[in-house]
2 protein chains.
Amino acid sequence: MTVRVLFAGRDAGWDEWAPHLRDAFAEAGLDVAMVPVSRDHDPAAFDWMIHSPKGPVEDFAPYTGLKGVLSLWAGVERVEGNPTLTVPLTRMVDDSLVQGMVEWVTGHVLRHHLGMDAHIVNPDRAWDGTAPPLAPDRRVAVLGLGALGAPCATTLAGLGFDVTGWTRKARSLDGVRCLHGPEARDDALAEAEIVVLLMPHTSATQDMVDEAFLAAMAPGAVLLNPARGALVVEDDLLDALDRGHLSHATLDTHRVEPLPPDHPFWSHPRVTVTPHVASHTRPGVASKVIAENVRRGEAGEPLLHVVDRSEAMAGR
Amino acid sequence: MTVRVLFAGRDAGWDEWAPHLRDAFAEAGLDVAMVPVSRDHDPAAFDWMIHSPKGPVEDFAPYTGLKGVLSLWAGVERVEGNPTLTVPLTRMVDDSLVQGMVEWVTGHVLRHHLGMDAHIVNPDRAWDGTAPPLAPDRRVAVLGLGALGAPCATTLAGLGFDVTGWTRKARSLDGVRCLHGPEARDDALAEAEIVVLLMPHTSATQDMVDEAFLAAMAPGAVLLNPARGALVVEDDLLDALDRGHLSHATLDTHRVEPLPPDHPFWSHPRVTVTPHVASHTRPGVASKVIAENVRRGEAGEPLLHVVDRSEAMAGR
C-alpha cells in the first residue's frame, strides 16, 4: 500500500531533501508518494507530515489523516506547544547532529581548559611555561543530559574531566556526577569552571541564564551555549562579563541569527561568536531517520524520538 | 638493606623532588639513603642514579656500582647515546605526562578541525554558517605510536577522526590504520589534513621534518609538534608556510626554549607558539614511577620503560 507523505518545508528545502528522502524510503522498503506542501493537495489525504519550522504549516487541524508529524529539526520549541497538533511529534536525532555537537563542545572545553586563546593571540610574545591543570582537576558542568547533552558529558568524562550533569528530572550516566531538580542547579553551577548549556528551548528554559543563574556561577567561569540563544538573557550575560564575574562566553546560538553586525557580542573581548555550526542536520543521514520512523509507524512499532509534550502544553 | 640512590639533578630540582621521592620510596616499602649530586659523595657507592639532563653528570664511568639510571625526563635523547652509560636506562612515563599530551593534542586537533581561529579572531564579524566536515571525514596522521603517540591516536580515533599512525617498526593499534617503515611515511603524510609529530628525538629523527617531508604533506595541511623542536628544520618549515603549502603549524617544542623574542615563529601569521606545556612531569606522580623501578630492580623484576639504546648507539 502506498504511504502518503507531505513535505511541509520551504521549496528550497524540498529541492535539497527530496532525493535523499526518496532514497531512504526505498532503502526502508517503503512505497511512498511524497509531495511538497507548495503543490496543490488535499490536507486530509496524508499519513505523515515531514515538518520544518521554516515551512508554512502552523495549523495542523486540516491534516485529519495524520499518524504523526516528523520534525526535521532537533529543537521543536516552535511546534511542540501548538494546540492544533494532536498526533505524535518526533524530533530529529541523527548521528551527525550528535557527532557535530560532541566535537564543538569537546573542542571549546579543551580550548578554554588549555588557555589556547592566550597562545593564538600573543602579540607580547609571552612565554609562560606554567602547565594548566589536568582534566581531572577541571570541573565542567553540563546542563541537560538529553540526546546531545549525554554524549557530550560522557565524552568529556572519558577525556578525564570532572563532569557534573544537571537535569530537571533524575538521570544517571556512567562517569558523570548527576544532580537534578531546581534546588541542585546552583550546586552544579557553583563548582564548575566551565558550564555547557545543552537544555532544549521550552517555556521552562527560556531566559534561564539570568542574573540569578549567572550569580550562582563560580567567579571566573566560562559559559558555552551551543543550545539555543533564547536560553540566555543577553543583557544579564553582558553585565556578568563586563564585571569580570565570568571570564568568557562562547556562543554558537543567538536570539537573532545571523547575529546582527552591531550586536555587542561581536566586539566584546570576553565573547566568542561561532556561527551556529555546532550541530547541523545533514539530509543524507537525517532522511534515514525519517524513513525509519515511517517504517515503524506503518508496522505498528513505537516511533523513535517522540517529544514529551506534556510540559510544553502545560506551559502555554 | 639500605638502597643507595644518587639524585643527579640541579639543586633546585633536589628541593622540589626530594620530599616526593622520599614519600614514594617509603610507600614502596624501601629503605633508601638518597643524596644530591652536589654533596660530597663516593661515585662507586650508589645502586641507582636518578638523572636529569639539566644536572652535572655526563660521565657515568665513575659510578661503577650502578644497577640502572632512571631518567626524570620522557625524552632521553641527551643521554641514550652516551658511551659511558653501560647499565639500563629508563625513561619517565607517568600518567600525567600522557594525560597532558592527550589533552594538548586533542584540543589542538579539534581547534584546527573546527576552524576555531577564524571565530576567536574575527574583526570583520564574518558569519559563515558552513559546517565543517565531521571528524570521520577528517584525516589525521600521528607519527610515532609510543607511550605518548598511541594514547593520542586512540583518543582521536575514539572521537571519530580518521586516524593513520606511522611508526618505523610495525605496530598495531585498535581503530587506527597503522603504516610503518620509510617507504610508507609519505603515504601517511599525503592523505592527512592534520599531522601530529610524536616521535622521540634520536639521531634518526633529528631534522626529519625537512623539505622532502613537507613536500610529501598535503597542500593546506596543518602540522602539530608537541614532541621535540629538533625534529623540525625551521627554515624549511617557514618556507612551506610562506608558500602556503602548509596552512598552519602549532608548535609546543622549539630548538631553543624559551623561544627567543626575535624568532620568526612569533610573528608568522600561520604559526602558533605554545610554551612547552603539552606534557609536564609532575613530581608527585613521577616519584612513584621512580620508586616502583627501584623496587623492581631490587626484587630482581624487570624494570619499566627501559630505553632501547641499540639505535642510539648505532647512530653515533
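These are my notebook entries on a predicted model with chains A and B.

**Ground rules**

I noted that residues are numbered from 1 along each chain as its sequence is written, and that chains are lettered from A and ligands numbered from 1 in the order in which they are written. Because the model is predicted, local features need pLDDT of at least 70, side-chain atom pairs count only at pLDDT 80 or more, and totals for chains, interfaces and linings use all residues, while side-chain values use heavy atoms, with hydrogens and water left out.

**Entry 1: the two copies**

I began with how the chains are related. Two copies of a chain are related by a rotation about an axis and a shift along it. Here a turn of 180° with a shift of 0.0 Å along the axis lays chain A on chain B, at an RMSD of 0.1 Å. This is the relation of a two-fold axis. The superposition is by least squares on the C-alpha atoms of residues with pLDDT of at least 70 in both copies. In chain A, I found that Gly107(A) has the C-alpha nearest the axis, 2.9 Å from it. The same surface serves both copies, as 100% of the contact residues of chain A recur in chain B. Contact means heavy atoms within 4.5 Å.

**Entry 2: chain A as a whole**

I looked up the secondary structure of chain A and noted ten helices and twelve strands. Both are DSSP runs numbered from the N terminus: helices are H or I with at least four residues, strands are E with at least two.

For overall size, I noted a box of roughly 70 × 40 × 35 Å for the C-alpha atoms of chain A, taken along the principal axes. The radius of gyration of chain A is 21 Å, which agrees with the value near 20 Å for a compact globule with 316 residues. That radius is taken over C-alpha atoms, and the globule rule is 2.2 Å times the number of residues to the power 0.38.

Of the 316 residues of chain A, 54% count as buried. I use buried for under 20% relative accessible area, exposed for over 50%, and partly exposed for in between, with a 1.4 Å probe and protein chains only. The accessible surface of chain A is about 13,200 Å², and carbon and sulfur atoms hold 50% of that. Areas come from the Shrake-Rupley method with a 1.4 Å probe; for residues, only the protein chains shown count as cover.

I also looked at contacts in chain A between residues at least 6 apart in sequence, and 62% of these join residues at least 24 apart.

Chain A carries 27 positive and 43 negative side chains, and the centres of the two sets are 3 Å apart. Lys and Arg count as positive, Asp and Glu as negative, and His and the chain ends are not counted. Each charge is placed at NZ of Lys, CZ of Arg, CG of Asp or CD of Glu.

**Entry 3: backbone features**

I found a cis peptide bond from Glu257(A) to Pro258(A), with omega near -10°. Pro258(A) sits in the loop between strand 11 (246-251) and helix 8 (264-267) of chain A. In chain B, the bond from Glu257(B) to Pro258(B) is cis, with omega near -10°.

Two histidines drew a note. His276(A) is not a glycine, yet its phi is positive, about 50°. I place His276(A) in the loop between strand 12 (271-273) and helix 9 (283-299) of chain A, and at 25% relative accessibility it counts as partly exposed. His305(A), also not a glycine, has a positive phi of about 60°. His305(A) lies in the loop between helix 9 and helix 10 (310-314) of chain A and is partly exposed, at 29% relative accessible area.

**Entry 4: single residues in chain B**

Ser287(B) belongs to helix 9 (residues 283-298) of chain B. With a relative accessible area of 0%, Ser287(B) is buried. Leaving aside neighbours within four places in sequence, I list Trp17(B), His20(B), Leu21(B) and Ala24(B) as its contacts.

Gly220(B) is in the loop between helix 6 (211-216) and strand 10 (221-225) of chain B, and is partly exposed at 37% relative accessible area. With neighbours within four places in sequence left aside, Gly220(B) is in contact with Gly244(B), His245(B) and Ser247(B).
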